Structure formats: C-alpha cells, structure tokens
Amino acid sequence: MKAVVIRTFGDPDGLEVVDVPMPVPGPGQVRIATEAIGVGGVDAVIRRGALAAHGFREGHLLGSEVAGRITATGDGVDASWIGRRVWAFTGLSGGYAEQAVAAVEDVLALPDGLTGADAVTLGGSGVVAHFALDRARFTPGESVLVRGAAGSIGITAVQLAARAGAGAVAVTTSSARRGTRLRDLGATHVLDRSGEGGPDAPAGFDVVIDVVAGPQLPLFLDKLNPNGRYVAVGVVAGRPPADFGMRLMDAFRRSLSFATFSADTVPGTDRQAVRSSQFADAARGDLRTVVHDVLPLDQAAQAHREMDAAKVFGRIVLHP
Ligand SMILES: NC(=O)c1ccc[n+]([C@@H]2O[C@H](COP(=O)([O-])OP(=O)(O)OC[C@H]3O[C@@H](n4cnc5c(N)ncnc54)[C@H](OP(=O)(O)O)[C@@H]3O)[C@@H](O)[C@H]2O)c1
C-alpha cells in the first residue's frame, strides 16, 4: 500500500511516498481503509526532527488521525466493527497511509452526515478545546481570549466559548480576512498576533486559551484580569522565555493562574464521550468544522509547505 514517510528530517521535501506492506491489526486493534487523514502541527514538529530524542527517527510513517472504513480486526475485537465508518487516533504514527491501524478504544463510529474530512478536523482538536475551557474553569459571562485561533483547536474553542455564553470572545490572528472568518464563528474582538486590538478591545480577560506560547507569551499573561486563568495547549511558536513565571509572581496580588493542558491527561472514556457529542453537534450543523483543503496523499509535502507558510485556516486533510 502507499504511505508517506520522513526520508530526511527538515523541510517538506524530505517526505517521500513509498510502498509498504499492509499493516496487520494486533490484539485489540482494528485496520482502517483511510478516506481522510488529518495533517497536524505535531506532524511538522516530527518531520523537522525536533522529537528525534523521543524516538521519532527518519523513516517514520507520519500521521495520528484518520477516518475511514474498518477492514480487519485483531484478536479480542468484535468482528462486527468490520465495514463501519470510523474516526481513529493512530498514536502519532501510521496515519499517512492507505490503511492504518488503531487500538479499538481509540476508534469512534461516525454519525451519518459527518464527512471523514470533518471528523479528522474535529476529532483530536475539539477535545483539546473542550477540556482547555473546562480546566480554565470558564463560566458563562466571562471574557475569553483564544491565542492562535485560526487553527483547528482555536476554531473550536471560539465556538464553544461563544455558544456557552462568554461575555466576550477575543482572538489573535495574522490578517483582517482571518479575523472576519473568526467573527463569523463567534469571535467578538479581533487582535493581532501581538495582542493589539484597537480601542474597543477588552483591557483584560478572565480566561486565555493559548495555542501559540513562544517568546510573546508574557505579553498575554499581562492581559489576565484579577483571578484570571491561562491555559497553554500548544507551542506553535516554540518555548516561552525561561523566566516567564516571574510575570505571575510580579503580579502576585492579582491571583493569576497558569496551567499547561494535554489531552493525554484526560481518561480515554471522557475524551470519547466529548468527541462523540461534538461529532453529533457537527453532523447537525451546531458546531462548524473548517477544512482548509483536501489534497491527495502523495501531495503530503505540499500540505506541509502550506502549514509551514502559515497559509492554513482550519485543518488541511489528505485523501489516499
Ligand atoms: N494540548 C493538547 O492535548 C494538544 C493536542 C494536539 C495538538 N496540540 C498542539 O496544538 C498545536 C497545534 O494546534 P492547531 O492545529 O490548532 O494550531 P495551528 O493551526 O498549527 O496554529 C494555530 C494558529 O497559530 C497562529 N500562529 C502560527 N505561528 C505563530 C506565531 N509564530 N506567532 C503567533 N501566532 C502564530 C496561526 O494563525 P494566524 O496566522 O492567524 O496568527 C495559526 O493558524 C501544536 O502545538 C500541537 O502540539 C496540543
């Protein structure tokens, strides 16, 4: 079968389309004929070699999120899964392929009306958006800032906060056009990447959900209201300054909180319950997914080029 591996770490040209044996599902696993493959920020991080120390080597078959039809089951898995259309988390490898394997507990049946592209746009990121707001103890009426809102996590966080009755939903983004699209999804204020939003922007926020981190993170800690909660969910701009915690200590009397959040710390059954509910919402049109583009699997390098150039609004998807 056709698959995409990292021939050499670095830029997208190092991705290569290869023929590999069809995977055989092990005990507790299923095999899926993919119809949609999500291209995520973490794939680009692995491609660059930044996670080589964590065991991600050249030759790695990328891809963590797919949708498609189950074609085989391993020992201990109910064979009635065969033929069902599902979303699946493949565990940071194996997704960029015509057939992928996943543990059956990381598989979710797709409701009618949800495309594979929708599923891989919402499946991983929607859960992050939901639990980030939950960990931030967000309550209706509070003001929220989503930093890096133009990605699939941010797009869902904006909608969830707006739908839950946030007093304000501000976003950071790099262009007016993206800002308009985010307003259409529920944003009430549009700030630039530095957090400037003109005279009408709220002076502070009760909750900040940050997908970006990087050198400018301290500027956004300064935007927390007293008792404000900051939840970092991503690092698309890299690490924050080593001393960023001093910003919180210096603001001691404002009772600010900073947390990281990884969906890995949420029990799998809780993740699946939220995902199932979000899939149903999306199938009904109550939650919007934004698919930037759908490209053939053998154009995975082009998909990565678009991600690297920050041209993607929402999620880019591959199909075999
Ligand atoms: N916490 C978890 O459990 C979890 C799970 C999965 C993934 N992640 C993490 O989430 C991140 C990916 O999320 P995503 O797919 O939603 O994001 P994304 O699409 O990769 O990026 C979101 C937006 O951030 C903005 N951005 C990019 N570079 C920036 C920079 N240098 N400075 C400021 N803004 C910048 C861009 O929008 P504009 O151009 O409009 O500014 C971009 O569209 C990764 O770090 C990944 O590791 C976390």
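Helices here are DSSP runs of H or I with at least four residues, numbered from the N terminus. The model is predicted.

**Exercise 1.** State which residue follows H3 and give the sign of its phi.

Solution. Helix H3 spans residues 125–135. H3 is followed by Arg137. The phi of Arg137 is positive, near 55°.

**Exercise 2.** Determine how many residues of H3 are buried, and what they pack against.

Solution. Step 1: a residue counts as buried if 20 or more other C-beta atoms lie within 10 Å of its own. Step 2: nine of the eleven residues of H3 are buried, and the helix is mostly covered. Step 3: these are Ser125, Gly126, Val127, Val128, Ala129, His130, Phe131, Ala132 and Leu133. Step 4: the buried residues pack against helices H2 (116–122), H4 and H8 (268–284), and against strands S11 and S12.

**Exercise 3.** Identify the residues that touch the most other members of the largest nonpolar core, and the elements that give two or more residues to this core.

Solution. Step 1: the core has 46 residues, and Ala132, Val144, Ala157, Val158 and Ile209 touch the most other members. Step 2: the elements giving two or more residues include helices H3, H4 (152–163) and H6 (217–221), together with strands S8 (143–147), S11 (205–210) and S12 (224–232). Step 3: another core, of 41 residues, lies apart from this one, with Phe56, Tyr96, Ala282 and Leu287 among its members.

**Exercise 4.** List contacts of Ile209 beyond four places in sequence.

Solution. Ile209 is in contact with Ala132, Leu133 and Ala136. Its further contacts are Val144, Val146, Arg147, Ala157, Val231 and Val233.

Methods. Residues numbered from 1 in each chain as written. Predicted model: local features only at pLDDT ≥ 70, side-chain atom pairs only at ≥ 80, totals over all residues. Core = buried A, V, L, I, M, F, W, Y, C linked by C-beta atoms within 7 Å. Buried ≥ 20, exposed ≤ 12 C-beta atoms within 10 Å, placed from the backbone. Contact = placed C-beta atoms within 7 Å.
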